[in-house]
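User: I am new to this structure and would like to learn how to read it. Could we go through its features one at a time?

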Amino acid sequence: MLAVVLAEATTDSPIASGADTVVVGVFEGEDVAHEMPGGTLGALLDSGEARREFKRLAVTHADGTRVILIGLGNRAKLDGERARVAAAVAHGRAREIGASTLCWEVPHHVDDDVVEGLVQGTLLHAYRYERYKPSKASRRVGRLLLSAHHDVSEPVRVARIVTEAQNRARDLGNTPANDLAPSALAAYAEETAGRHGLGFSALDEEAIRGAGMGAFAAVAQGSVESARLIRLEYDGTSGEGPLIGLIGKAVTFDTGGISLKPAGTMHEMKFDMCGGAAVIEALAALAELQLPVRVLGLVGATENMPGGRAVKPGDIVRASDGTTIEVNNTDAEGRLVLADCIAQAKRDGAERLVDLATLTGGVVVALGSTYAGMMSNDDTWASEVEAAAEQSGELVWRMPLHREYAEMLKGRYAQIINSTTKREATALTAAEFLHNFAGEVPWAHLDIAGTAYDVRRPYFAHRGATGFGVRLLVELARAGAQPAGV
Ligand code: BES
Ligand code: MN
Ligand code: ZN
């Protein structure tokens, strides 16, 4: 499914690397670091055909090799995100002109973030979802080399592992619901766990109900597909450091249930499992990187369907922590699933929580596809998540929790309702709903409804699932890794 690009570091010069196409960047106010024989690159810049402005491209030949000269703009502004964008633009042209091995000349005096960004931007841009529609195009960049005077193999390795995980999360997101039922997602997670040495177990629907998870079970009961609570465990520390609980919403299809969604864009609700996909692939990446952290992943996988047995508006259910919930709106199903997953993570001893969920249309209205919404009960944990978001380029914008939002969820017949009658602050009341279950444990809720698919960034050439959250979660783990680690 992936357009696989092998990424490797080399200390050979780009020309000596054996690549058929070389990418050379040039900053404003500077000349190329290594001129080609005959002064080709300088001449191209002088003629105005090649430019130093960010993303400007020119193609030439020198020394028997194709050279893509790309403007990198202001040197001080080149960060991971600009590197991803530059790499995506260069890869697009490279593919167009039939490159098969591409070699980036890593600019001098840039840090590892830029090297990682170049790898990420290339691999993300090369991604295509071809499971049902194999592309006829034979043109494909098969290999990416990063050439630098010093050894960049470590940032290349890290970026390759993380981006491959992100692309696998995109595959999961793009897979239609008929081929990714909760049982199939659990089977995938089990296979992933086997490959990476993660602990794995799963509860089926009967076991979910049997464990008293009445909120999760209420969503699941409308579908003929059996739900799964997927558990993945990774310990790279032999027991030290806080246990981080990562919780993902994986509604493999959200029709809205009896509170049925309109038909127009309902097909997009195959993406309602993207939070869960990010959690599964983040754990896979952590294990592959052997990071010294302790992580528990819980993924709530179910369909949300209308049907003769489906939960009805007004039904009252009991979550596994004893909270009674009146289900006013069966389309506010994600929070029901997450409620029991969060309660379970706490019972399992998680000391920090992050949940990822395509939870509300409200967050899309507020933040579009640029930022995920973040709500948190703990300023320290929130700033750690914010820092990881900034570092990874998967941005979050903190939004408020407030007692008044919580009060809007007070129930008349049960302790709480799952949806307020007026469509006010839906992303925030959804977060307050979850807050009931997180309680005092440091917790950050990421509403990724706007960032999980159809994001306008140059490296997401393939619209559809973005794999949002994989990079952020890995950065969070890297930052929190115990000393002696990476
Ligand atoms: N999965 C949806 C949220 C969603 C909407 C994701 C648009 C991606 C794009 C969620 O289950 C949902 O239906 N939320 C409702 C909640 C409402 C009933 C309180 C919403 O936001 O409309
Ligand atoms: Mn819904
Ligand atoms: Zn949903």
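Analyst: An oxygen atom of ligand 1 is 3.2 Å from an N or O atom in the side chain of lysine 249. A polar contact is a pair of N or O atoms within 3.5 Å; within protein, one must be able to donate a hydrogen and the other to accept it, and residues adjacent in sequence count only if both atoms are side-chain atoms. This is a predicted model: local features need pLDDT of at least 70, side-chain atom pairs count only at pLDDT 80 or more, and totals for chains, interfaces and linings use all residues. Residues are numbered from 1 along each chain as its sequence is written, chains are lettered from A and ligands numbered from 1 in the order in which they are written, and side-chain values use heavy atoms, with hydrogens and water left out.

User: Which backbone atoms lie at a short listed distance from ligand 1, such as those of glycine 361 and leucine 359?

Analyst: For glycine 361, a backbone N or O atom lies 2.7 Å from an oxygen atom of ligand 1. For leucine 359, a polar backbone atom is 3.3 Å from a nitrogen atom of the ligand. The protein covers 89% of the 520 Å² of accessible area that ligand 1 has on its own. Such areas come from the Shrake-Rupley method with a 1.4 Å probe; for residues, only the protein chains shown count as cover.

User: How many residues surround ligand 1?

Analyst: A residue is near a molecule or strand if one of its heavy atoms lies within 4 Å of it. Here 17 residues surround ligand 1, and the closest are Lys261, Asp272, Asp331, Glu333 and Gly361.

User: How do I read a metal site, and which protein donors does the manganese ion (ligand 2) have?

Analyst: Donors are N, O and S atoms within 2.8 Å of the metal (3.2 Å for Na, K and Ca); water is not among the atoms, so sites may look incomplete. The manganese ion (ligand 2) has the protein donors Asp254 (OD), Asp331 (O), Asp331 (OD) and Glu333 (OE), 2.0 to 2.2 Å away. Along the chain they follow the spacing D-x76-D-x1-E. Aspartate 254 lies in strand S9 (residues 243-254) and glutamate 333 in the loop between strand S12 (324-327) and helix H9 (334-347), so this pair ties together parts 79 residues apart in sequence. Helices (H or I, at least four residues) and strands (E, at least two) are DSSP runs, numbered from the N terminus.

User: Which donors coordinate the zinc ion (ligand 3)?

Analyst: The zinc ion (ligand 3) is coordinated by Lys249 (NZ), Asp254 (OD), Asp272 (OD) and Glu333 (OE), at 2.0 to 2.4 Å. Aspartate 254 bridges the zinc ion and the manganese ion, which lie 3.2 Å apart. The spacing of the zinc donors is K-x4-D-x17-D-x60-E. Aspartate 272 lies in the loop between S9 and helix H8 (274-289), 18 residues from aspartate 254.

User: Is the arrangement of donors octahedral or irregular at the zinc ion (ligand 3), and what is it at the manganese ion (ligand 2)?

Analyst: Four donors count as tetrahedral if all angles lie between 85 and 135 degrees; four count as square planar and six as octahedral if opposite donors are over 155 degrees apart and all others between 65 and 115; anything else is irregular. The zinc ion has six donor atoms with angles of 77 to 173°, and its site is octahedral. Around the manganese ion the six donor atoms subtend angles of 71 to 167°, which makes the arrangement irregular.

User: Are aspartate 254 and glutamate 333 buried or exposed?

Analyst: Buried means under 20% relative accessible area, exposed over 50%, partly exposed in between (1.4 Å probe, protein chains only). Aspartate 254 and glutamate 333 are both buried, and aspartate 272 is buried as well.

User: What span does helix H2 (residues 80-96) reach?

Analyst: The expected span of a helix is 1.5 Å times one less than its number of residues. H2 has 17 residues and reaches 24 Å from its first C-alpha to its last, close to the 24 Å expected. In H2, 12 of the 17 residues are buried, so the helix is largely enclosed by the rest of the structure. Among the buried residues are Gly80, Val85 and His91.

User: Where is lysine 55, and is it buried or exposed?

Analyst: Lysine 55 lies in the loop between helix H1 (40-47) and strand S3 (57-62). At 39% relative accessibility, lysine 55 counts as partly exposed. Its phi is near 80°, a positive value in a residue other than glycine.
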